[in-house]
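Colleague: Got a minute to go through this one with me? I'd like to start with a single residue and then look at the chains.

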Amino acid sequence: MRRGIDLHRQQERAGWLFMAPTLAILAVVGFYPLAQTFATSLTDARMAGGEPTQFVGMRNYFDLLSLGPFWTAGLTTLVITAVSVAIELALGLGIALLLTSRMRWRGLLRAAILIPWALPTVVSARVWNYMLVDTYGVVNDLLVTRLHLLPEKVAWLAEPGLAPSAIIAVDVWKTTPFVTLLLMAGLQLIPAQTYEAAAVDGASRWQQFWKVTLPLLMPTILVVLIFRALDALRIFDAVWVLTRGQLGTETVATFTYRQMIDFRKIGFGSAASVTIFAVIAVFVITYLWLARAGMETEE
Amino acid sequence: MIARRALLWLTVSAMLVYTLFPFYWALNGSLQPAARLFAIPADYWPWPPSAESYRSVLANSVFLKAVRNSIVVATCTTLAALAAGSLAAYALARFRMRGQNVALGMILAMTMFPQIAVVGAIHSMMTALGLYNSLTGLCLSYMLFTLPLTTWVLTGFFRGLPRQLEESAYIDGAGPWKTSGM
């Protein structure tokens, strides 16, 4: 017994030593900057300004919340998130079902659909930009000149009504592979016997999907939903490359960047950052709470 | 049956076109001579192929330096994340310690907050440390994204390894350091 306690103490001491490098690095590049951002959000700091910085309390937050463009950016971000995550989930589920069914060239197809996920967003957004340009873009060329599906060329990235959908299209193209990958992993966890039992009971393919696949896949869908929503709420690079946040595509991330870098208002931008952080934290806590509730009902 | 197969392959083809066409278009663009890049109507087949773009990009010293920088940053980030992350993951997976779950949760929380929330502060920190515009600074800030993920993935991996070997080492009187192979 004495030895057991001893080992425990040794493990405890060694454990924290093992974790020390990771915790130290994360403290330097994670916790410290986050605390710094919070502290800065209470001041009127400006980037590269010679003026002394003053403590202004919550004023940046009041200014932020009374600023129309911030709310507009927030709404745009929510709409982009909701629409793109919904499409990604529907498409991803379809593709995942297709690629877990028995078919020829399944391995090759799985590899092929993952390619967009591997490319950095800045690069793929550039390619899409080149494809979507109204005059020489290939999308217009295909839809108008070759296939005659549209009467005239469309300015996909220059019309306020269309620019957000172009960003959604690029986001869907880029992240559907990720959703598909996670859903395929979830589908493989469903035992084949469940389907066999359902088939013996006379359930059609359609019924099997609604009564077996979907309920058993729910935990995976929930994880995907949260991960994607967290990512989409922070969307920056696709927007920045495609429209620079013009034409109704300003998201909270581009808004914050503009305040900090373009307008050099570090204090105000930090307040915007902290606000986004708070919103995302609410999402994370809700998720953890849901996950725990889910685990308890299982037990 | 035939109709169903046709529908299946039609869906698969549509999926592949949507997924792969942008890559084809980038490849097509890279092989077109500069004058044909903005042709109306668009040119779908780069024939005869032109090496013009490849020649100019490979002769561009800024591009070559960027490639070298990327390789250096990727290598040192990966190595550092593996070194620190595997140690932490081993402790999290194998040792019984108080506050373990809190530590794991905090590491995960690192991946969840928006990067925009820390860029400003990282920028001023790097400037203060004299690391602004240096590869070391870049490696260090990348640790914020790679280290939590590395630790999480490796924790799962270590938990999956058989315990018996370590248990017999403990029984034989080895301490946690010796057992982990440090």
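Modeller: Sure. Bear in mind that this is a predicted model. Thr11(B) sits in helix H1 of chain B, which covers residues 2-31.

Colleague: How many C-beta neighbours does Thr11(B) have inside 10 Å, and what does it count as?

Modeller: Thr11(B) has 13 C-beta neighbours inside 10 Å, so it counts as partly exposed. The cut-offs are 20 or more for buried and 12 or fewer for exposed.

Colleague: And how far apart are Thr11(B) and Asp43(B) in space?

Modeller: They are 26 Å apart, C-alpha to C-alpha, with a separation of 32 residues in sequence.

Colleague: Switching to the contact: how many residues come from each of chain A and chain B?

Modeller: Chain A puts in 55 residues and chain B 51 residues. On the chain B side, the elements giving two or more residues include H1, helix H3 (61-94) and helix H6 (135-160).

Colleague: Which element has the largest share of that side of chain B?

Modeller: H1(B), with twelve residues. By class, the side of chain B that touches chain A has 40 nonpolar, nine polar and two charged residues.

Colleague: What domains is chain B divided into?

Modeller: Domain 1 spans 2-58 and domain 2 spans 61-180. Their C-alpha centres lie 39 Å apart.

Colleague: Last thing, where in chain B is confidence lowest, and where highest?

Modeller: H8(B) is lowest, at a mean pLDDT of 72, and H3(B) is highest, at 91. Chain B averages 84, and 99% of the residues score at least 70. For the model, ipTM is 0.78 and pTM is 0.80.

Notes. Residues numbered from 1 in each chain as written. Chains lettered and ligands numbered in written order. Predicted model: local features only at pLDDT ≥ 70, side-chain atom pairs only at ≥ 80, totals over all residues. Helix = DSSP H or I, 4+ residues; strand = E, 2+ residues; numbered from the N terminus. Contact = placed C-beta atoms within 7 Å. Nonpolar A, V, L, I, M, F, W, Y, C, P; charged D, E, K, R; others polar. Domains from an automatic or database assignment. pLDDT = per-residue confidence, 0-100.
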